[in-house]
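Here are my notes from a look through this model. Have it open beside you and follow along point by point.

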Amino acid sequence: MRRKASLVLLACAVFCAALSPLLRWYAFPRLARIPADQYQDMVLEARNATLLDYGTLRAAKVPKVTIVQTLKGDVEAAKRVGRTTGRAVVVWDGLSYVQGPDGRMVSEVPERYVFDAHSQDPVHAAGEMVDGYPVTRRGIEFKWPFLTRKRDYEYFDAQTRTTHPIHYRGTRTFRGLTVYYFEQTIPWTRVPMPRTMPVRGITPESVARTGTTRWYSTVRRFWVEPVTGAPVYGEELHREELRGGTLLGGRAKVTAFAGHVKMREDYIEHTVALVKHNRTLVLALTSYVPWSSLGLGLLLLALSLWLETRARHPVPARAEQSAPVAA
């Protein structure tokens with residue numbers, strides 16, 4: 001019986017030991033994926049910002065500028081791209097909608113972003129665009145990879161349609177989470193006018209005929225939870241200017257928008273709670289279950305060897321003592 005029990009324990013030990021790397025290197029890339037139908041929104045605010053009045057073309061201080069960012073997964077498009085590329089992909093239709101303190105639209109810029117559901121690497125497919133202009137992204141956007149590392153990454157900037165390094169600047173604590181802090185600086189760059197302008201009748205083409213150009217610069221900051229790769233907080237020191245041309249009435253430049261853009265508090269709380277939940281699920285696949293399985297396998301192996309040793313070298317039975325014979 002000991003021999004049979006040791007063989008059963010040995011088989012279980014081999015199974016647990018094999019399960020450990022299988023979960024980490026096979027199951028994890030296939031299970032840890034961004035859902036194709038994910039929908040999320042985010043509200044950011046810039047208080048005491050400078051904003052251009054397009055009616056008078058004069059910049060003024062305003063109490064608040066609100067930026068609403070939405071990301072909506074297109075499941076059918078993801079299936080089509082997946083069949084073509086042979087990869088699990090996500091297609092996000094994004095919209096960045098900026099409104100002034102009176103609630104009126106300042107600008108809106110749509111995007112279509114196609115990326116690998118696990119690695120977050122961009123996947124190039126028909127329809128990839130920013131504001132209706134085709135783009136070929138390099139680097140990440142919106143989200144870092146699972147198990148983010150302490151290094152610089154390439155990050156796509158939608159305003160300039162270019163990719164720049166975003167630098168790892170250290171490890172910090174944010175709302176009870178250990179996070180990696182990243183920072184990117186985009187120098188002053190000439191960028192296209194938005195296709196949707198805040199004043200009816202004004203188009204990018206009509207502005208271009210005046211010789212006026214749009215310029216943009218920002219310092220982008222993210223606090224990223226490294227297990228999930230999800231930013232739990234982000235902010236920008238954002239600046240835009242209109243320069244030259246007859247539209248400005250002889251002025252060299254005018255500020256179109258300048259402000260310190262920050263996530264709104266209720267969205268910070270929601271994001272942190274969601275990331276904490278997802279972090280536990282990712283750790284279960286990458287750490288908790290694999291290491292527990294490996295530890296259980298070693299324990300079962302030791303128990304199997306002990307039983308095998310007992311079976312091969314049984315302990316001799318103690319001889320019964322004879323009762324004394326009366327004389």
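1. Which residue in S9 does Phe174 stand opposite? Its partner across the way is Leu177. Keep in mind as you look that this is a predicted model.

2. Now zoom out to the two strands around that spot. Strand S8 covers residues 162–174 and is joined to S9 by 6 bridges, with the two running antiparallel.

3. These strands belong to a bigger picture: 12 strands make an open sheet, paired antiparallel, in the order S6-S5-S4-S3-S2-S1-S12-S11-S10-S9-S8-S7. At the edges you'll find S6 (133–134) and S7 (153–157), each pairing on one side only.

4. Next, the largest nonpolar core, which has 26 residues. Val65, Phe174, Val232 and Phe257 touch the most other members, so-called hubs if you like. Two or more residues each come from strands S1 (39–53), S2 (58–73), S9 (177–191), S11 (230–243) and S12 (253–263), and from helix H4 (265–312). S1 gives the largest share, 6 residues.

5. Pick out Val232 and look around it. Leaving aside residues up to four places away in sequence, Val232 touches Phe174, Leu177, Val179, Trp223, Glu225, Met263, Ile268, Thr271, Val272 and Val275. Notice that the pair from point 1, Phe174 and Leu177, is in that list.

6. There is another core, lying apart from the largest one, with 14 residues. Among them are Phe28, Leu71, Phe146 and Val282.

7. Last, find helix H2 (residues 75–85). H2 lies across S2, S3 (89–99) and S4 (105–116), and runs at about 140 degrees to S3.

Technical notes:
Residues are numbered from 1 along each chain as its sequence is written. This is a predicted model: local features need pLDDT of at least 70, side-chain atom pairs count only at pLDDT 80 or more; totals for chains, interfaces and linings use all residues. Side-chain values use heavy atoms; hydrogens and water are left out. A nonpolar core is a set of buried Ala, Val, Leu, Ile, Met, Phe, Trp, Tyr and Cys residues joined through side-chain atoms within 4.5 Å. Buried means under 20% relative accessible area, exposed over 50%, partly exposed in between (1.4 Å probe, protein chains only). Helices (H or I, at least four residues) and strands (E, at least two) are DSSP runs, numbered from the N terminus. Contact means heavy atoms within 4.5 Å. Two strands pair if DSSP finds at least two bridges between them. Axes are lines fitted to C-alpha atoms, for helices over the stretch in contact, and angles run from 0 to 180 degrees between N-to-C directions.
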